[in-house]
Amino acid sequence: MSNHYNRLAVSSEYSAVNFLPATLKTNKSGWLIEYYVENPQTQQLARKKIRLERLIRRYSTKTEAKRHINNIIIALNMKLSTGWNPYFEGEDSRMYTPISEVCRKYIEETERTQREATARSYKSFIKIFSEWMDKQRPGIYSSMISHAMIVKFMDHVYFERKSSNGDEISTYTYNGYIKNGSAFFNWMIEKCYCKENHFAKIKKKTEDKRRVLITDNYRCIIEEYLKVNNPGFLLMLKRIKKEDPKALFEYCCNRNTLLFHQFQIVDFSVSGNHTDNIGCFGQTTDIESIIVAEYSDLSALQS
C-alpha cells in the first residue's frame, strides 16, 4: 500500500489537468464508460473504457442500470482528480516505480546477497547514477529511462567526472561504470522494473594495459615481508624463479592486489636438513637444500 501512495505522490504532476473525466457513451456494441488518462511512458492522453453489458443485464430497467452507472462515474472521477492512474496497477505496475525507489531496493538486496566488495562497488555506482538522474529528470519512472539518457550519463562520467585524485576518469573506470550499470539494469529487468538494458548497448573503451616492473629495492621489501608473513609462498616463488626467472615471480609481484596474500603452502614434510617435498595446490615438487638453508628455523613454515 505504501508503494502505491509513493507513486501517487511522485505522479502528482499527472493529476487534475492530465485526464479527461469519465462519461457514459453509447455505440453499436452498447453502453460503456469512457475516460482519458495520461500514459506515463508516452506522456500522452490514452483512452480507457469500461464495458457495461454484464452490469446492465443485472437490472430489469435501463433507468435502474443508469443510476448505478452514474455512481460508478462519480467515484471514478473522484479517483482521477486525486491522481489515481490505472497504469500504476496490474502486472506492469512496477514499470512505473520512481527510479529513486528502485535504486534503494537494489542496494538493500545487494547488501544481503553480494560480497562486501561487490556490494560496495554497486552502491558507489548507484549513488552517482541516482544523483545524476535526480538532476536530469527528478521522479522519473524506471521504465521511462531511455538509451539516450544512458549515453548522456556515460558522457558525463567520461568527460566531466574526476577520479579521487583529481585526474580524468580512466578507461578501466569507465568500463567499470558500464559493467555496474548493466548489472543494475539486468536486475531491473528480472524484477519487472523495465524491459531493456540500455547499458548493454554502450561500447566499452579499449584499455591501454601498462605493467609497472617492481624495482630491486621493492622486491627486497616484498621478500622480507614474505619471510615473516608467508614463508611457504616465498619458497615456492624461489623455486619457480630458479627454473624460470621471468615466470610466476614476475607475474605475482606486479599485481596491484599483491596476489601472494591469496596463496598458502598446504602441506610439506621435513627430513634432516632439507625438505623432501612440498605440496602446493595439490601437487608435489622437490625443494633444493640451498633454498631451505636460508631458513634456520623450519618450524616457522609449520606454524
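Two strands are said to pair if DSSP finds at least two bridges between them. With that in mind, the sheet in this predicted model can be read strand by strand, before the helices, the aromatic rings and two residues of one loop are taken up.

## The chain as a whole

The secondary structure of the chain comes to twelve helices and six strands. Of the 303 residues in the chain, 38% are buried, and the chain exposes about 19000 Å², of which carbon and sulfur atoms supply 49%. Among the contacts in the chain with a separation of 6 or more, 59% are between residues that stand 24 or more positions apart.

## An open sheet and the helix across it

Three strands form an open sheet, in the order E1-E2-E3, and their pairing is antiparallel. Strand E1 (19-27) and strand E3 (44-51) each have a single partner strand and stand at the edges, so one side of each is left without a neighbour in the sheet. From one strand to the next, the twist averages 25 degrees. E1 pairs with strand E2 (residues 30-39) in the antiparallel sense over seven bridges, and a look at one residue makes this pairing concrete: the bridge partner of Thr-23 is Glu-34, in E2. Helix H3 (residues 62-81) lies across E1, E2 and E3, and runs at about 160 degrees to E1.

## Aromatic rings

A search of the whole structure finds 20 aromatic pairs. What kind of pair do the rings of Phe-125 and Phe-199 make? Their centres are 5.9 Å apart and their planes stand at 70 degrees, so the pair is edge-to-face, given that planes over 60 degrees apart count as edge-to-face. The pair links distant parts of the chain, since Phe-125 belongs to helix H5 (residues 116-136), while Phe-199 lies in the loop between helix H7 (171-190) and helix H8 (216-229), 74 residues apart. Both Phe-125 and Phe-199 are buried. These two residues also belong to one aromatic cluster, whose members include Tyr-106, Trp-132, Phe-153, Tyr-177 and Tyr-193.

Lysine residues also lie over the faces of aromatic rings, as the table shows for two of them.

| Lysine | Ring it lies over | Distance from the ring centre |
|---|---|---|
| Lys-79 | Trp-84 | 4.1 Å |
| Lys-205 | Tyr-174 | 4.8 Å |

## Two residues in the loop between H7 and H8

The loop that holds Phe-199 also holds Lys-204 and Cys-192. Is Lys-204 buried, exposed or partly exposed? With a relative accessible area of 49%, Lys-204 is partly exposed, because the exposed class begins over 50% and the buried class lies under 20%. Although Lys-204 and Tyr-174 are 30 residues apart along the chain, their C-alpha atoms are separated by 7.8 Å. If the neighbours within four places in sequence are left aside, Lys-204 is in contact with Asn-175 and Ile-178.

Cys-192 has a positive phi of about 70 degrees, although this residue is not a glycine. Cys-192 is partly exposed as well, with a relative accessible area of 42%, whereas Phe-199 in the loop between H7 and H8 is buried.

Methods: Residues numbered from 1 in each chain as written. Predicted model: local features only at pLDDT ≥ 70, side-chain atom pairs only at ≥ 80, totals over all residues. Heavy atoms only, no water. Phe/Tyr/Trp six-rings, centres within 6.5 Å; stacked < 30°, edge-to-face > 60°. Helix = DSSP H or I, 4+ residues; strand = E, 2+ residues; numbered from the N terminus. Buried < 20%, exposed > 50% of the residue type's maximum accessible area, 1.4 Å probe, protein only. Lys NZ or Arg CZ within 6 Å of the ring centre and 35° of its normal. Axes fitted to C-alpha atoms, helices over the stretch in contact; angles between N-to-C directions. Contact = heavy atoms within 4.5 Å. Areas by Shrake-Rupley, 256 points an atom, 1.4 Å probe, with all protein chains shown as cover.
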